[in-house]
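Let's take a walk through this structure together, moving from its aromatic rings to a helix, a small sheet and an enclosed space. Please have the coordinates open as you read.

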Amino acid sequence: MKKGLIVSVLTMLVGAMLLAGCASTGNTPSAASADGKDSGQLKAFHYAMSGLYKPFNYKENGNLVGFDVEFGSELAKKMGVKAEPVTNPWETIIPGLLSKKYDAILGSMAITPERQKTVNFTTPYYRSGAQIFVAKTNETIKSANDLKGKKIGVLKASLFKGLAAERTDAGNITEYDSDLTALLDLPTGRVDAVITDDLVGFRMIKESATAIKAVGEPLTMQEMGIAVRKEDQALLDQLNKAIDEMVKDGTYDKLSEKWFGKNILQK
């Protein structure tokens with residue numbers, strides 16, 4: 001009798017635990033299961049960025065704002081889920097994605113063959129180039145040919161560091177947590193030049209935030225995409241569909257015009 005009663009109680013407890021597990025509604029950053037297939041509908045879209053890349057993503061009065069932030073919010077609306085932007089240091093942002101801290105990287109990440117070995121990218125959501133900026137009073141640097149032996153500032157773990165290394169000695173390269181900090185160091189003379197995204201520098205000039213100017217032609221032209229894990233094909237498809245809808249219905253134009261005064265997808 002006792003043995004039968006114990007078995008019955010254990011059976012009921014196991015059943016209750018299984019039911020509780022099935023009824024769970026807690027959302028996790030990833031909607032992908034271990035076999036690479038979707039385990040359910042995404043309830044919120046967690047997308048990461050550095051939070052130090054004005055005007056694309058930065059903090060203002062304690063709030064995360066910028067083009068990337070609003071673009072992600074519009075994508076979430078199209079997908080019918082809640083937008084959850086988060087910040088992560090740029091140098092560890094891909095490892096953070098792979099460890100499932102968030103669903104995607106939406107932080108002005110350039111699509112490159114090297115990164116495509118690790119993550120998948122959506123179709124481009126804007127295009128931009130790497131540009132040289134110097135202090136407004138600088139008359140010695142007029143093009144990339146004048147960078148030899150000069151002190152160059154770049155964002156940590158960015159493609160700009162490689163461009164700087166092609167033009168000056170490694171000891172002359174200073175890495176920053178933020179492009180804005182690097183640009184602000186130009187008038188002080190801490191660095192002679194900064195290589196960064198042209199839209200970042202030109203926005204800073206437009207706002208008269210510091211006395212800088214662009215010199216020479218863009219060093220590169222890059223396409224920015226949203227990075228997702230290789231196994232999250234369904235999310236990639238959802239994002240591509242949402243981007244396409246935003247372009248077609250005019251949502252993209254309005255957002256781009258608000259931040260840049262032009263369409264930054266059409267370069």
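Counting ring pairs is a good way in, and here the count comes to 15 aromatic pairs. One of them joins phenylalanine 45 to tyrosine 47 in a stacked arrangement, with 5.0 Å from centre to centre and 25° between the planes. Keep in mind as you look that this is a predicted model. How accessible are the two partners? Phenylalanine 45 has 0% relative accessibility, and because buried means under 20%, this residue counts as buried. Tyrosine 47 also comes out at 0% relative accessibility, so it counts as buried too.

Another stacked pair is made by phenylalanine 67 and phenylalanine 71, whose ring centres are 5.9 Å apart and whose planes meet at 20°. Both of these phenylalanines belong to helix H2, where a spacing of four residues puts them about one turn of the helix apart. Phenylalanine 67 and phenylalanine 71 are both buried. They also take part in a wider cluster, in which ring pairs link Tyr53, Phe56, Phe67, Phe71, Tyr125, Tyr126, Tyr252 and Phe260.

Let's stay with the helix for a moment. H2 covers residues 67-79, 13 residues in total, and spans 18 Å from its first C-alpha to its last, close to the 18 Å expected at 1.5 Å a residue. Beyond the two phenylalanines, the buried residues of H2 include Asp68, Val69, Gly72, Leu75, Ala76 and Met79. Just after H2 comes glycine 80, which takes a positive phi of about 75°.

Now turn to the strands that precede this helix in the numbering. How are E2, E3 and E4 arranged? They form an open sheet of three strands in the order E2-E3-E4, with antiparallel pairing. E2 and E4 stand at the edges with a single partner strand each, so one side of each has no neighbour in the sheet.

You can trace the pairing strand by strand. E2 (residues 52-53) is joined to E3 (residues 57-60) by two bridges, and the two strands run antiparallel. Across this pairing, leucine 52 stands opposite tyrosine 58, while tyrosine 53 faces asparagine 57. A hairpin of three residues makes the connection from E2 to E3. Next, E3 pairs with E4 (residues 63-65) over three bridges, again in the antiparallel sense. Here glutamate 60 stands opposite asparagine 63. The hairpin of E3 and E4 has two residues between the strands, and asparagine 61 takes a positive phi near 55° in it.

Our last stop is an enclosed space. How many cavities of 30 Å³ or more does the structure hold? There is one, and the largest cavity has a volume of about 160 Å³. Its lining is made up of 15 residues, and those nearest the centre are Tyr53, Trp90, Ser108, Ser158 and Phe160. The elements that give two or more residues to this lining are strand E6 (104-110), helix H5 (159-165) and strand E12 (212-229). E6 gives the largest share, three residues. By character, the lining of the largest cavity divides into eight nonpolar, five polar and two charged residues.

Tyr53 is a useful residue to end on. It belongs to the ring cluster that also holds Phe67 and Phe71, it stands opposite asparagine 57 of E3, and it is among the residues that lie nearest the centre of the largest cavity.

Key. Residues numbered from 1 in each chain as written. Predicted model: local features only at pLDDT ≥ 70, side-chain atom pairs only at ≥ 80, totals over all residues. Heavy atoms only, no water. Pairing = 2+ DSSP bridges. 1 Å grid on protein atoms, 1.4 Å probe; cavity = no way out; pocket = protein on both sides within 12 Å on 5 of 7 lines; lining within 4 Å. Points joined across faces, edges and corners; volume = space filled by probe spheres on them. Nonpolar A, V, L, I, M, F, W, Y, C, P; charged D, E, K, R; others polar. Expected span 1.5 Å × (residues − 1). Buried < 20%, exposed > 50% of the residue type's maximum accessible area, 1.4 Å probe, protein only. Phe/Tyr/Trp six-rings, centres within 6.5 Å; stacked < 30°, edge-to-face > 60°.
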